[in-house]
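Please find below some notes for your consideration, set out as numbered points. They concern one of the pockets and a few of the salt bridges.

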Amino acid sequence: SLHDALPICDPRLEPVLAFSTIDQATSAEQTRVARFSDGGWVALGPPLAALGPSVANDSQRRTYLCTGSGGPLVRRWNGTSWVAVGGNISQETGYQGTRYQVGSCGGLVLDTTDAPLVAFSADVGAKANAVYAARWNRQEGKWEGLGPGSIGGRATAVYVDIDVQDRLYVAAYSPGGSYGGGATTRVWRWSGSSWTQLGEDLPGTASPVIGVFQNTAYLALRDNASGEIRVLKWRQGAWQPLPSPGHGELPALDFTKFGRPVIAYADAGPPAALRVKYFTAGAWHSADPGVSIATDRLVAGIELSLDARGRPSLAWNEQDLGGSQAGVFVRRASTSLP
């Protein structure tokens with residue numbers, strides 16, 4: 001089977017992993033979710049007929065799952081099965097138009113009341129994708145859109161996080177080319193009533209991820225011209241750069257309990273490896289020797305999370321150069337970050 005979507009790992013309570021596969025013979029789509037317990041991975045229910053998963057845990061240790069392949073749809077694990085949280089989000093919000101298709105869930109977070117929020121990119125026309133966001137209204141029992149329509153730009157990929165004031169942040173990526181313009185990243189924040197773009201457009205970038213510690217937002221992305229990983233901090237109304245942790249692609253972002261940013265990325269090398277670094281005293285420091293990647297393998301996606309003890313967990317998927325074989329891997333560091 002071919003792994004289609006990024007693995008998602010959230011080990012703050014117990015490691016949870018979600019990933020998608022496409023059967024090469026039948027084209028059947030499946031999303032699998034598992035929790036690491038007692039030294040092994042335990043499946044949370046049977047595979048679901050969907051792609052593009054995102055997972056999150058609420059304050060009561062309940063796991064939520066968002067998938068695409070229509071919808072998006074959100075489900076909650078009740079201990080024995082997945083229970084739907086509302087219905088088709090695009091339909092309930094009124095966003096769905098005559099030509100409209102959602103392949104994956106861009107991101108899922110929970111606010112301070114444990115209400116899930118999602119953001120996603122929908123194919124709305126020829127080389128036209130629009131970004132939408134929604135929040136679950138528990139009292140009304142339905143999904144409500146954040147804003148009257150799309151957030152802005154022809155973005156094909158989104159990444160989300162939320163601050164302690166329940167403001168949603170969306171990092172949206174447009175590939176340019178036939179989609180119009182060049183490869184561009186834009187960041188938006190929901191105030192509770194409207195969307196505001198944070199800073200200017202960031203052209204010539206790729207693979208953006210947004211992370212928020214309390215009320216401070218960080219953005220990590222790849223600079224296409226230099227090949228560097230850029231890390232930016234939103235401060236005093238502008239994106240202020242931190243030193244680059246190195247050259248590579250596919251950044252992932254999280255924080256220590258003290259708010260120090262931690263980044264993982266794929267270093268093309270030589271030798272090719274996955275790097276994990278943390279920022280303190282104005283510089284990046286390596287968290288471990290890294291994970292070596294064989295020369296005949298490609299890394300297609302990376303996720304990073306720190307557990308309650310401050311140990312980084314890294315999840316990634318690899319595939320061979322022909323794309324016929326793929327696998328998902330998870331590694332947790334044995335020591336905590338300072």
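1. A salt bridge is taken here as a side-chain nitrogen of Lys or Arg lying within 4 Å of a carboxyl oxygen of Asp or Glu. The model is a predicted one, and the structure holds eight such salt bridges.

2. Glu318 forms a salt bridge with Arg297, their closest N and O atoms being 3.2 Å apart. This pair links distant parts of the chain, since Glu318 belongs to strand E30 (residues 312-320) and Arg297 to strand E29, with their positions 21 residues apart in numbering. Both Glu318 and Arg297 are buried.

3. The side chains of Asp307 and Arg311 also meet in a salt bridge, at 2.7 Å from N to O. Asp307 has a relative accessible area of 9% and is therefore buried, and Arg311, at 13% relative accessibility, likewise counts as buried.

4. In the salt bridge between Arg230 and Asp223, where the N to O distance is 3.6 Å, the two partners should be described separately. Arg230 counts as partly exposed because its relative accessibility is 26%, whereas Asp223, at 15%, counts as buried; the cut-off for buried is under 20%.

5. The second largest pocket has a volume of about 230 Å³. It is lined by 15 residues, of which Glu249, Ala266, Asp267, Ala268 and Ala272 are the closest to its centre. By type, the lining of this pocket divides into eight nonpolar, three polar and four charged residues.

6. Which strands each supply at least two residues of that lining? They are strand E25 (261-267) and strand E29 (297-306), and E29 gives the most, with three residues.

Key:
Residues are numbered from 1 along each chain as its sequence is written. This is a predicted model: local features need pLDDT of at least 70, side-chain atom pairs count only at pLDDT 80 or more; totals for chains, interfaces and linings use all residues. Side-chain values use heavy atoms; hydrogens and water are left out. On a 1 Å grid over the protein atoms alone, a cavity is a set of points where a 1.4 Å probe fits but cannot get out, and a pocket is an open set with protein on both sides within 12 Å along at least five of seven lines; lining residues have an atom within 4 Å of a point. Grid points are joined across faces, edges and corners, and a volume is the space filled by probe spheres set on the points. Helices (H or I, at least four residues) and strands (E, at least two) are DSSP runs, numbered from the N terminus. Ala, Val, Leu, Ile, Met, Phe, Trp, Tyr, Cys and Pro count as nonpolar, Asp, Glu, Lys and Arg as charged, and the others, Gly among them, as polar. Buried means under 20% relative accessible area, exposed over 50%, partly exposed in between (1.4 Å probe, protein chains only).
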